[in-house]
Amino acid sequence: MDNRSTLFKGVKEFFVEIGDLSYFTARFFKEVLKPPFEFKELLRQCYQMGNRSLVLVTVTGFIIGLVLTLQSRPTLIQFGAVSWMPNMVGISIVREIGPVITALICAGRIASGIGAELGSMRVTEQIDAMEVSGTNPFKYLVVTRIMATTLMLPILVVYGDLVALYGSALVENLKGDVSFQLYFNTVFDALSYADLVPATIKSVFFGFTIGLVGCYKGYYCKKGTAGVGIAANTAVVMASLLLFVVDFIAVFISDIFYEL
Amino acid sequence: MNFNMTHPDKITPSVAATSLGKAVIEIKDLYKSFGDNHVLNGFNMTLLEGENLVVMGKSGSGKSVMIKCLVGLVKPDSGTVKVLGKEINSLEQQTLDELRSDIGFLFQGSALYDSMTVRENLEFPMRRHKEKLGVVSDTEPLVREALENVGLAHTMDLMPVELSGGMKRRVALARTLILKPKVILYDEPTSGLDPITSKEIIELMRSIQKKYGTSSLIITHDVDCARVISERMILLVDGINYAEGTYSQLSQSTDSKVEAFFKK
């Protein structure tokens with residue numbers, strides 16, 4: 001009986017969470033089109049999110065490109081297909097690895113940051129103070145942050161892809177005597193709009209998901225200062241899980257287009 | 001002023017509240033529950049123009065919920081809340097925001113924006129109310145004036161984290177003053193402060209009231225604060241205004257619930 005009631009409670013909480021998140025999303029779309037627009041804050045958030053994630057994306061992207069090439073090389077050599085290395089690495093990074101890894105890095109970095117920041121503003125009544133001063137805190141804090149992640153993530157993904165390709169090119173240059181120019185020419189020859197467009201659209205949704213979850217968890221943070229930690233932590237977990245769901249949906253839809 | 005002792009089933013507004021001056025805040029039969037927790041059970045209150053009214057209650061008695069109902073941060077289950085003649089719960093968002101510019105709110109923990117400097121904290125409320133203040137672009141004189149009122153003009157470019165608890169409270173008070181409100185709501189203005197700093201804050205509140213002629217509603221459980229600043233007091237017990245009168249009237253009461261507030 002206890003197990004059943006715990007399960008029932010868990011299922012109920014899950015659906016309540018889905019409902020609350022849906023309401024939060026609907027409120028975002030309602031507020032985003034309504035003036036006044038907080039352009040200054042949006043720019044500040046874009047700068048903060050882009051700038052603060054740059055080092056992390058650079059290091060991760062570079063190592064991913066490096067490792068992917070080093071790991072694939074022996075197998076491709078075995079099959080006499082090492083000349084396909086730029087094509088393989090290019091397509092896998094641009095279509096899947098680049099967007100997903102960058103988004104996961106940003107989920108850890110940005111979603112937790114937003115969750116903690118808004119959560120701490122909630123428990124210290126800063127959000128209430130904002131509302132009392134006549135500023136719509138949802139518009140000022142939430143809309144700007146979700147817009148910033150939605151706009152910045154595709155840029156970070158493109159940047160991360162280029163750094164990863166550079167890492168891969170470096171290995172090929174050192175181990176296979178392939179010039180950087182030849183490597184990048186081969187990569188860009190192999191890539192088509194059918195690879196770039198879905199990946200970019202997917203990144204936009206990844207950015208939206210990260211911002212949405214971070215803001216949702218922070219904005220409705222409860223239980224005092226302990227709640228701030230919970231908000232930051234659950235923001236990362238929920239954003240990471242949702243990223244895979246969004247990725248699956250995006251791949252599924254783009255697959256339909258490939259087949260047409 | 002008369003001393004009224006009220007009980008859950010028979011609440012009567014004080015004579016002071018009905019016969020003197022114009023009411024700037026009127027609360028009638030305010031009810032608010034959070035699940036099974038009935039916080040306010042028909043609370044009544046009137047704040048008069050230029051008056052310093054203290055509402056005292058134990059922790060968790062619903063003081064903060066009541067004060068948040070006054071600015072529309074918490075929606076009551078039932079009852080009417082009128083501020084400066086306007087029923088808060090039936091206002092459109094824009095009208096509510098305009099009305100909020102006439103209500104200053106000093107939060108319990110100061111609630112300064114951590115990511116902004118003191119100057120930006122003070123400029124923030126002015127963003128939506130420049131017309132009211134007659135400010136076109138340069139907000140510096142207003143910011144300076146507000147900070148000078150609290151004796152902290154030199155902190156303009158500091159971050160909140162660089163300020164002490166008392167300084168934060170004073171900056172928060174300056175931020176409250178910047179829109180030149182008609183009513184100031186103080187939520188536990190001395191909580192978490194040492195006795196000397198508390199005294200400074202109380203003095204500051206009194207001088208502000210004298211200088212600007214504002215009406216003040218002070219929510220506190222600090223008896224010393226209530227003694228110094230109150231012209232009239234309401235004791236909030238079990239979600240109702242249990243007793244009402246001046247500090248000396250209430251402090252001499254023999255009712256056990258009232259006595260409990262004044263025991264050292």
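What share of the contacts in chain A with a separation of 6 or more comes from residues 24 or more positions apart? The figure is 87%. Keep in mind on this tour that you are looking at a predicted model.

**Stop 1: chain A as a whole**

Select chain A and switch to cartoon. You'll see eight helices and zero strands, so to speak a plain run of α-α-α-α-α-α-α-α along the sequence. Line the view up with the principal axes, and the C-alpha atoms fill a box of roughly 65 × 55 × 40 Å. Colour by burial if you like: 41% of the 260 residues of chain A count as buried.

**Stop 2: a cis bond on the way to α2(A)**

Now go to the loop between α1 (2-32) and α2 of chain A, where A:P36 lies. Zoom in on the peptide bond from A:P35 to A:P36: this one is cis, with omega near 5°. For context, most peptide bonds are trans.

**Stop 3: α2(A) against α5(A)**

Select residues 39-78 of chain A, which is helix α2, together with residues 137-176, which is helix α5. Their axes are 6 Å apart, and the helices pack at an angle of about 30°. That angle makes α2(A) roughly parallel to α5(A), because anything under 35 degrees counts as such. The crossing of α2(A) past α5(A) is right-handed. Show the side chains of this contact and you get 24 nonpolar residues, 12 polar ones and five charged ones.

**Stop 4: α7(A) against α8(A)**

Next, pick residues 193-219 (helix α7) and 224-259 (helix α8) of chain A. The two axes come within 9 Å and cross at roughly 155°. That makes α7(A) roughly antiparallel to α8(A), since the cut-off is over 145 degrees. Here, too, the crossing is right-handed.

To see who meets whom, put sticks on the contact residues. From α7(A), these include A:F205, A:F206, A:I210 and A:V213. From α8(A), they include A:M238, A:L242, A:L243 and A:V246. A:K202 and A:K217 are also among the α7(A) residues, and A:D247 is one of those from α8(A). By class, the contact of α7(A) with α8(A) divides into 15 nonpolar, five polar and three charged residues.

**Stop 5: across to chain B**

Before leaving chain A, show the contact between the chains. Here 10 residues of chain A are in contact with 16 residues of chain B. The chain A side has two nonpolar, five polar and three charged residues.

Now select chain B alone. This chain has 11 helices and 11 strands. Of its 264 residues, 45% are buried. Among the contacts in chain B with a separation of 6 or more, 68% are between residues 24 or more positions apart.

**Stop 6: the two sides of α6(B)**

Select residues 140-149 of chain B, helix α6, and look down the axis. Which residues of α6(B) are buried? They are B:V143, B:A146 and B:L147. These three cover an arc of only 95° around the axis, which puts them on the same side of α6(B). As a reminder, an α-helix has 3.6 residues a turn, so residues three or four places apart point the same way.

Add α4 (118-123) and α7 (165-177) of chain B to the view: the buried residues of α6(B) pack against both. Rotate to the other side of α6(B) to find B:P141 and B:E148, which are exposed. Just past the helix, B:G151 follows with a positive phi near 70°.

**Stop 7: two positive phi values outside glycine**

Most residues other than glycine have a negative phi, which gives you a reason to check the next pair. B:A111 sits in the loop between β7 (103-106) and α4 of chain B, and its phi is positive, about 55°. Is B:A111 buried or exposed? B:A111 counts as buried, because there are 24 C-beta neighbours inside 10 Å.

Then jump to B:K180, in the loop between α7 and β8 (183-187) of chain B. Its phi is also positive, at about 50°. With 15 C-beta neighbours inside 10 Å, B:K180 counts as partly exposed.

**Stop 8: B:K82**

Finish in strand β5 (residues 78-83) of chain B, the place of B:K82. B:K82 has 17 C-beta neighbours inside 10 Å and so counts as partly exposed. Leaving out residues up to four places away in sequence, B:K82 touches B:I25, B:E26 and B:E87. Last, draw a distance from B:K82 to B:I219: they are 137 residues apart along the chain, with their C-alpha atoms separated by 18 Å.

How values were computed:
Residues numbered from 1 in each chain as written. Chains lettered and ligands numbered in written order. Predicted model: local features only at pLDDT ≥ 70, side-chain atom pairs only at ≥ 80, totals over all residues. Axes fitted to C-alpha atoms, helices over the stretch in contact; angles between N-to-C directions. Helix = DSSP H or I, 4+ residues; strand = E, 2+ residues; numbered from the N terminus. Parallel < 35°, antiparallel > 145°, perpendicular 65-115°, else oblique. Left-handed = near helix turned anticlockwise from the far one by under 90°. Nonpolar A, V, L, I, M, F, W, Y, C, P; charged D, E, K, R; others polar. Buried ≥ 20, exposed ≤ 12 C-beta atoms within 10 Å, placed from the backbone. Arc of directions from axis to C-beta. Contact = placed C-beta atoms within 7 Å.
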